[in-house]
Amino acid sequence: MTTSRSLALHTDVREQLCIENKPDPCTIVIFGASGDLTHRKLIPALFGMYLKKMLPEQFAILGCARSVISEAEFAKMVREDLTDFEGAGADETEEFVRHCSYLPGRYDNQQVYDELAVALRKLEEKFQTGGNCLFYFATPPSLFIPITEGLSSARLTDERRGSWSRIVIEKPFGHDLASSLSIDKALKQHVAESQIYRIDHYLGKETVQNILILRFANAIFEPLWNRKYIDHVQITVAETLGVENRAGYYEQAGALRDMFQNHMIQMLALTAMEPPAQFEANRYRDEIVKLIRAIRPFPVEELDKWLVRGQYQAADEAGVSLSYREEAGVDAESSVETFVAMKMMIDNWRWQGVPFYLRSGKRLKNRVSEIAITFKPVPHSIFAPVQPEQLAPNVLVLKIQPEEGIGLTLEAKTPGPKLCMNSLSLNFSYKDIFGGFTPNAYERLLLDCMTGDQTLFVRNDAVELAWEVFMPVLDAWSKTPETNALRPYKAGSWGPVKADDLLAQAGHKWR
């Protein structure tokens, strides 16, 4: 019988190879500037970039929202966003705030965009931004088109000689395939694909980016990264929180739309994609698209063998007093799923026959995001009477949050005269090696927007293909009651018991 122990790895940083691009002078216009995303993520990210000198010296930030507040009030809000920012002095904060301004107005009023054009010209003169503009839509998707039309009418999406104009849109990229295609078609009437940056903040996380480095900057993994050596892959994104203040959105979306059509399928693609010939935006995204195309369609007639959907119930022992249906803003008879687990197969040469198990949910036991690659067991044991199945398989774990790092389990001998084996876990921790501070994912993505690098942004064909993967499931759930079984699970658990059956069919277990 084996036991498991954990060892920390010592890392010898012998060299540092950096690829750095300097952004052009620009003005960052944030629509939805009074909202939670702006003040919780975007302003802190821009200030973090400012402190690290990642922003150009000539920059301006212009907030735009329906809230009627003065520039002084907006400046006060920005200061409050930066109150707890480590390593920042009062002078640096005030200098950053000096670059921030505000313009109120309704998004359906063309006068606002005319006033915006005037404001941008003044900021260009004051801060020498060169006419470059980054428009960030921190708004619901329903406002993407009105804002783009307003910008276009004011000629603000035109790219003048020597300057650029780019728009950033947040997920969800539509509610279904039809709405996604409609949004994309409407956007393309005013801006080119090269101007659109569809942001998925998961792709900006350090550990997600490290998947690429791990796979393609190390020679030891590529020979093993295929059906011959890998038994199965598990991707988990678990949250301990409920819907909090997002019930209005979540009642329209559910876990499948909220997590799988974007975050989960992107993580799957990063894990399973073929290496691009060059780390260049379109070559890289071509490989993402090829991988999504290779995902086997779900058999609608037997969905229960491939997917499980659940909804959390109250669990007093976990200190949770509310079920999902009791949350503020949720329908008392809601059939929206808060948990989904699924088995996916990739029909290509590399992955044929290897199951990929994905799960994500709210009110689960622990907050954890990870990708676990389980290798096949040894084919024969020379250590009689130990059988091959008694030896724990090697598992490579890519830990995304909250403990960012990499883990690898190996079998090793325990010191002593007896032949005793233990499973040892070799752990690399970002916190231990690089310090406790992990950059805001938006910092990297905003920098890429300013430098014109679309590599970590989702291309329109990848969005459409992702919807095509899941639309048969969503249609079946909405039209066929027997495929719409909503499995209850206690808050603080690991989800519905039925989810275990997805893996049990092949003799596997969730980590």
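Among the contacts in the protein chain with a separation of 6 or more, 77% are made by residues 24 or more positions apart, where contact means heavy atoms within 4.5 Å. The model on your screen is predicted, so local features need pLDDT of at least 70 and side-chain atom pairs count only at pLDDT 80 or more, while totals for chains, interfaces and linings use all residues. Residues are numbered from 1 along each chain as its sequence is written, and side-chain values use heavy atoms, with hydrogens and water left out.

**The whole chain**

Start with the full C-alpha trace, which spans about 80 × 60 × 45 Å along its principal axes. Its radius of gyration, taken over C-alpha atoms, is 25 Å, which agrees with the value near 24 Å for a compact globule with 511 residues; the globule rule is 2.2 Å times the number of residues to the power 0.38. Of the 511 residues, 52% count as buried, a word that means under 20% relative accessible area, whereas exposed means over 50% and partly exposed lies in between (1.4 Å probe, protein chains only). Switch to a cartoon view to find 13 helices and 16 strands, which are DSSP runs numbered from the N terminus (helices are H or I with at least four residues, strands are E with at least two).

**Two domains**

Next, colour domain 1 (21-170) and domain 2 (205-436 + 460-505) separately, bearing in mind that these bounds come from an automatic or database domain assignment. The centres of domain 1 and domain 2, taken over C-alpha atoms, are separated by 36 Å.

**Strands β3 and β4**

Select strand β4 (residues 100-104), where four of the five residues are buried, so that the strand is largely enclosed by the rest of the structure. Strands β3 and β4 run parallel and are joined by five bridges; two strands pair if DSSP finds at least two bridges between them. To see one such position, select I61, which stands opposite C100 in β4.

**The annotated residue H263**

Move on to H263, which the UniProt annotation "active site" covers in an unreviewed entry; such annotations may be inferred rather than shown by experiment, feature names are shortened, and positions are given in the numbering used here. H263 is found in helix α8 (residues 247-272), and it counts as buried because its relative accessibility is 3%. If residues up to four places away in sequence are not counted, H263 touches K171, D200, H201, Y202 and D258.

**Cis peptide bonds**

From that list, K171 leads to the next stop, since a cis peptide bond with omega of about 10° joins K171 and P172. P172 is found in the loop between β6 and α6 (177-188). A further cis bond runs from Q401 to P402, with omega near 0°, and P402 is found in the loop between β13 (395-401) and β14 (405-413). For background, most peptide bonds are trans, and most residues other than glycine have a negative phi.

**Positive phi**

Finish with K53, whose phi is positive and near 60°, in the loop between α1 (36-51) and β3 (59-65). K53 counts as exposed because its relative accessibility is 69%. R363 also has a positive phi, of about 55°, and is found in the loop between β11 (355-361) and β12 (368-375), but R363 counts as buried at 16% relative accessibility.
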